[in-house]
Amino acid sequence: MSISPRFDSEEFADKPVRSRRSWDPVVKITHWSIVTAIIANALFTEEGSGVHTWVGYGLAAILALRLLWGMIGPPEARFSAFPPSPRRALAHLRDIRVGKKEVHRSHNPLGALMVYAIWSMLGVILASGIAMAGPPSTAFLDRPALSGEVSRQLVVEQVNHDDDEQAEGAGREDGVWEEVHETAVNLLYVLIALHIAGVAFETRRSGREILLAMLPGRA
């Protein structure tokens, strides 16, 4: 996970260079797929529904791919290119205050902290969601096994018996996870708002095409 000499030289360049930030297709696809999934579950799916849950599973897979890409992807996509460093973030704030501009081929130190904060919050949301909904069901793959041999009434009685024993404890547990899930979602919205504001500010301050660099077809 080493950083190339070319990357180092541009990362700490003293003079601002109006070069376009470059993201590979995997970074772009995972970024916009995560955005799409968040918008879908926020605006278009019913909370607790099957569609809402499966969008969450899809989001988990996309996030896992992006985290894997942080270890094996190109230099600007790797974790080593944007370590979570409060010290560097404070230095970046001082640079902003004095009007100093540096070129970062990956996320700048403040942006790096925001990325890790968003990923962490997504992790909490996904974990709490799975705790409530359970792992993906494969019931639709099972062949009917109860026909002819086990009466429907017996199955209903067994289910009711299990439900009576587990309902009270499961209800309390789900309530806790639901609270965690909702709180994390609200915090994620705050982080997203700060992220958008930060992109707009940095674009204006640096003159670099930060948002455009994430669009398809832009090198």
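Biologist: Taking buried as under 20% relative accessible area, exposed as over 50% and partly exposed as in between (1.4 Å probe, protein chains only), what percentage of the protein chain counts as buried?

Modeller: Of its 219 residues, 31% count as buried. This is a predicted model, in which local features need pLDDT of at least 70 and side-chain atom pairs count only at pLDDT 80 or more, while totals for chains, interfaces and linings use all residues. Residues are numbered from 1 along each chain as its sequence is written, and side-chain values use heavy atoms, with hydrogens and water left out.

Biologist: How many helices and strands are there?

Modeller: The protein chain has six helices and zero strands, giving the pattern α-α-α-α-α-α along the sequence. These elements are DSSP runs numbered from the N terminus (helices are H or I, at least four residues; strands are E, at least two).

Biologist: Turning to charges, how many salt bridges does the structure hold?

Modeller: There are two. The term stands for a side-chain nitrogen of Lys or Arg within 4 Å of a carboxyl oxygen of Asp or Glu. Side chains of opposite charge can pair when their charged atoms come close.

Biologist: Which residue forms a salt bridge with Glu 102?

Modeller: Lys 100 does, and the closest N and O atoms of this pair are 3.7 Å apart.

Biologist: Is Glu 102 buried or exposed?

Modeller: Glu 102 is buried, because its relative accessible area is 18%. Its partner Lys 100 counts as partly exposed, because its relative accessibility is 32%.

Biologist: And which residue forms a salt bridge with Arg 205?

Modeller: That is Glu 202, with 3.0 Å between the closest N and O atoms. Arg 205 and Glu 202 both belong to helix H6 (residues 152-206), where they lie three residues apart, about one turn of the helix.

Biologist: Is Arg 205 buried or exposed?

Modeller: Arg 205 is buried at 13% relative accessible area. Glu 202 is buried as well, with a value of 8%.

Biologist: What follows H6? Where is Gly 207, for instance?

Modeller: Gly 207 sits in the segment after H6. It is partly exposed, with a relative accessible area of 23%. Its C-alpha atom is 10.0 Å from that of Lys 101, although the two residues are 106 apart in sequence.

Biologist: Another glycine, then. Where does Gly 198 lie?

Modeller: Gly 198 is part of helix H6, and it counts as partly exposed at 33% relative accessibility. Between the C-alpha atoms of Gly 198 and Met 114 the separation is 9.3 Å, with their positions 84 residues apart along the chain.

Biologist: Now the pockets. How much space lies in the largest pocket?

Modeller: It holds about 1,000 Å³. A pocket here is an open set of points on a 1 Å grid over the protein atoms alone, with protein on both sides within 12 Å along at least five of seven lines; its lining residues have an atom within 4 Å of a point. The volume is the space filled by probe spheres set on the points, which are joined across faces, edges and corners.

Biologist: Which residues lie nearest the centre of the largest pocket?

Modeller: Of its 34 lining residues, those nearest the centre are His 31, Ile 118, His 195, Ile 196 and Val 199. Helix H2 (25-44), helix H4 (86-98), helix H5 (109-133) and H6 each give two or more residues to this lining. H6 gives the most, with 10 residues.

Biologist: How does the lining of the largest pocket divide by class?

Modeller: It has 22 nonpolar, nine polar and three charged residues. Ala, Val, Leu, Ile, Met, Phe, Trp, Tyr, Cys and Pro count as nonpolar, Asp, Glu, Lys and Arg as charged, and the others, Gly among them, as polar.

Biologist: How much space lies in the second largest pocket?

Modeller: About 540 Å³. It is lined by 26 residues, and Asn 41, His 52, Ile 125, His 181 and Val 185 are nearest its centre.

Biologist: Which element supplies the largest share of the lining of the second largest pocket?

Modeller: H5 does, with seven residues. At least two residues each come from H2, helix H3 (50-72), H5 and H6. By class, this lining comprises 15 nonpolar, eight polar and three charged residues.

Biologist: One last residue: where is the place of Ile 34?

Modeller: Ile 34 is in helix H2 and counts as buried at 9% relative accessibility. Its C-alpha atom is 9.0 Å from that of Gly 58, which is 24 residues away along the chain.

Note on methods: 1 Å grid on protein atoms, 1.4 Å probe; cavity = no way out; pocket = protein on both sides within 12 Å on 5 of 7 lines; lining within 4 Å.
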